[in-house]
Amino acid sequence: MAVVPPGKGVPARYAAFSGIWAGQLDGQYEGKLAVLTVASGGQVTVSYAWGDMADNKPGVADGSGRIVGNTLKLGRLPNGADITFAMLPDGTLAATYALAGQTYTGSFARQ
């Protein structure tokens, strides 16, 4: 998997999402986000990987998303999860992962 650096026409607030991120949800569920491409309009292509999470087995999903303001919202994952990542002032991402009526939160840092 390769991260393509954002082009010169991509606003800095969108380009900041580019790269590989890792973190934990609820302090125990591992996750990794690769923001592979970022377009000037805020569209992104991503790969998201997760470990064991409640009744959900580990997996990887490739997809797309969109940055609006300071928040990246991924398209729904094949397992039905909805995920958002909000860029915080310290350069970390505040993650919210919703699946089957449960919501998990955590922090992701650039790798």
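Which residue takes a positive phi in the hairpin of β4 and β5? In this predicted model, that residue is Gly69, whose phi lies near 65° in a hairpin that has 2 residues between its strands.

To place this hairpin, it helps to begin with the overall arrangement, in which 8 strands close into a barrel, following the order β1-β2-β3-β4-β5-β6-β7-β8 with antiparallel pairing. From one strand to the next, the twist averages 30°.

At the start of this order, strand β1, which covers residues 19-25, runs antiparallel to strand β2, which covers residues 29-38, and 7 bridges join the two. Within this pair, Gln24 of the chain stands opposite Glu30, a residue in β2.

Further along, strand β4, made of residues 59-68, is joined to β5 by 4 bridges, and these two strands run antiparallel. Gly65 has its bridge partner in β5, namely Leu74. On its other pairing, β5 is connected by 3 bridges to strand β6, residues 82-87, again with the strands running antiparallel, and here Thr71 stands opposite Ala86 in β6.

The side chains of β5, which spans residues 71-74, alternate along the strand: Leu72 and Leu74 point to one face and are buried, whereas Thr71 and Lys73 point to the other face and are not buried. Read together with the pairing, this means of describing the strand connects two of its residues to their neighbours: Leu74, with its buried side chain, is the bridge partner of Gly65, while Thr71, whose side chain is not buried, stands opposite Ala86 in β6.

Technical notes:
Residues numbered from 1 in each chain as written. Predicted model: local features only at pLDDT ≥ 70, side-chain atom pairs only at ≥ 80, totals over all residues. Heavy atoms only, no water. Buried < 20%, exposed > 50% of the residue type's maximum accessible area, 1.4 Å probe, protein only. Pairing = 2+ DSSP bridges. Axes fitted to C-alpha atoms, helices over the stretch in contact; angles between N-to-C directions.
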